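Trainee: Could we go through this one together, slowly? I'd like to ask about side chains and then about how the helices meet.

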Amino acid sequence: MSEPSSNLVLMGLRGSGKSTIARMLAKRTARISVDLDFFSPQFLNAESPADALTRFGEAAFRDAELKALEKTLARFRIVLALGGGTPTHAPSREKLVAAQREGRAYVVYLRASASTLRDRLISTDLSSRPALLGGDDPLGEIEALLEKRDALYLALADETVECDGLDAEQVVERVLEVWRAGGS
């Protein structure tokens, strides 16, 4: 079966597997994988999202993220892993919606429960992932972030893949299935 022409955009909370799944999908589909969390800080000459947020603040980071998103969505044959907060920034969300409307982007929400996200993040280095809700505990804010963002992600997504209980290869298969069925 041929691959859709639209860029594939993965969205979800940290720990949902966006970066890993994007790399796997890019390899399977002979596309380029772009991780917005690593591309965006370059616009601020920062080393990581945490560095960018600490040195320049959230407004500057979101502006850099918007520039990275615009540049990425202008390309073809991309598998894009959004930053978890990218859809919460109205200008970035508008760019995504415009790309969807024009058939240039197919957005898949990698949805996972708070317990799955926590389990995945416990074994990772959280130094490049600052707390986002004003505290200092990225693991402790998972439920609040999920509650705050889930409806937004669901509304923006062309399709949602439930990731609980699936390994990375199973998620890749589900994403390919929904993208082939619905992507343009």
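Trainee: Okay, aspartate 150: buried or exposed?

Mentor: This is a predicted model, and in it aspartate 150 comes out as buried, because its relative accessible area is 13% and anything under 20% is counted that way.

Trainee: And which residue does aspartate 150 form a salt bridge with?

Mentor: The partner is arginine 111, and the closest N and O atoms of the two are 2.7 Å apart. Arginine 111 sits in strand S4 (residues 105-111) while aspartate 150 belongs to helix H6 (residues 142-156), so the salt bridge ties together parts that are 39 residues apart in sequence.

Trainee: What about arginine 111 itself, is it buried or exposed?

Mentor: Neither word quite fits, since arginine 111 has a relative accessible area of 25% and is described as partly exposed.

Trainee: Which glutamate does arginine 111 form a salt bridge with?

Mentor: That would be glutamate 162, with 3.0 Å between the closest N and O atoms. Here strand S4, which holds arginine 111, is joined to strand S5 (residues 159-162), which holds glutamate 162, so this pair ties together parts that are 51 residues apart in sequence. Glutamate 162 is partly exposed as well, at a relative accessible area of 42%.

Trainee: How many salt bridges turn up in the whole structure?

Mentor: A search of the whole structure finds ten. One of them links arginine 62 to glutamate 58, where the closest N and O atoms are 3.3 Å apart.

Trainee: Where do arginine 62 and glutamate 58 lie?

Mentor: Both are in helix H3 (residues 49-73), and they are four residues apart, which is about one turn of the helix. Arginine 62 is buried, with a relative accessible area of 9%, whereas glutamate 58 is partly exposed at 48% relative accessibility.

Trainee: Switching topic now: how do helix H1 and helix H7 cross?

Mentor: The axes of H1 (residues 18-29) and H7 (residues 168-182) come within 10 Å and cross at roughly 60°. The two helices are therefore oblique to each other, and their crossing is right-handed.

Trainee: Which residues of H1 and H7 meet there?

Mentor: On the H1 side they include Ile21, Met24, Leu25 and Arg28, and on the H7 side they include Glu169, Val172, Glu173, Leu176 and Trp179. If you sort the residues of this contact by kind, you get nine nonpolar, two polar and three charged.

Trainee: Which residues are linked in a network of salt bridges?

Mentor: Arg28, Glu169 and Glu173 are linked in such a network, and these three are also among the residues where H1 and H7 meet.

Trainee: Next, threonine 29: which residues does it touch?

Mentor: Leaving aside residues up to four places away in sequence, threonine 29 touches Glu3, Arg77, Val79, Leu176 and Trp179. Threonine 29 lies in helix H1, and at 5% relative accessibility it counts as buried.

Trainee: And lysine 27, buried or exposed?

Mentor: Lysine 27 has its place in helix H1 too, but it is exposed, with a relative accessible area of 74%.

Trainee: How far apart are lysine 27 and valine 79?

Mentor: From C-alpha to C-alpha they are 9.7 Å apart in space, although 52 residues separate them in sequence. Valine 79 is worth finding on your screen, since you have already come across it among the residues that threonine 29 touches.

Terms used: Residues numbered from 1 in each chain as written. Predicted model: local features only at pLDDT ≥ 70, side-chain atom pairs only at ≥ 80, totals over all residues. Heavy atoms only, no water. Salt bridge = Lys/Arg side-chain N within 4 Å of Asp/Glu carboxyl O. Buried < 20%, exposed > 50% of the residue type's maximum accessible area, 1.4 Å probe, protein only. Axes fitted to C-alpha atoms, helices over the stretch in contact; angles between N-to-C directions. Parallel < 35°, antiparallel > 145°, perpendicular 65-115°, else oblique. Left-handed = near helix turned anticlockwise from the far one by under 90°. Contact = heavy atoms within 4.5 Å. Nonpolar A, V, L, I, M, F, W, Y, C, P; charged D, E, K, R; others polar.
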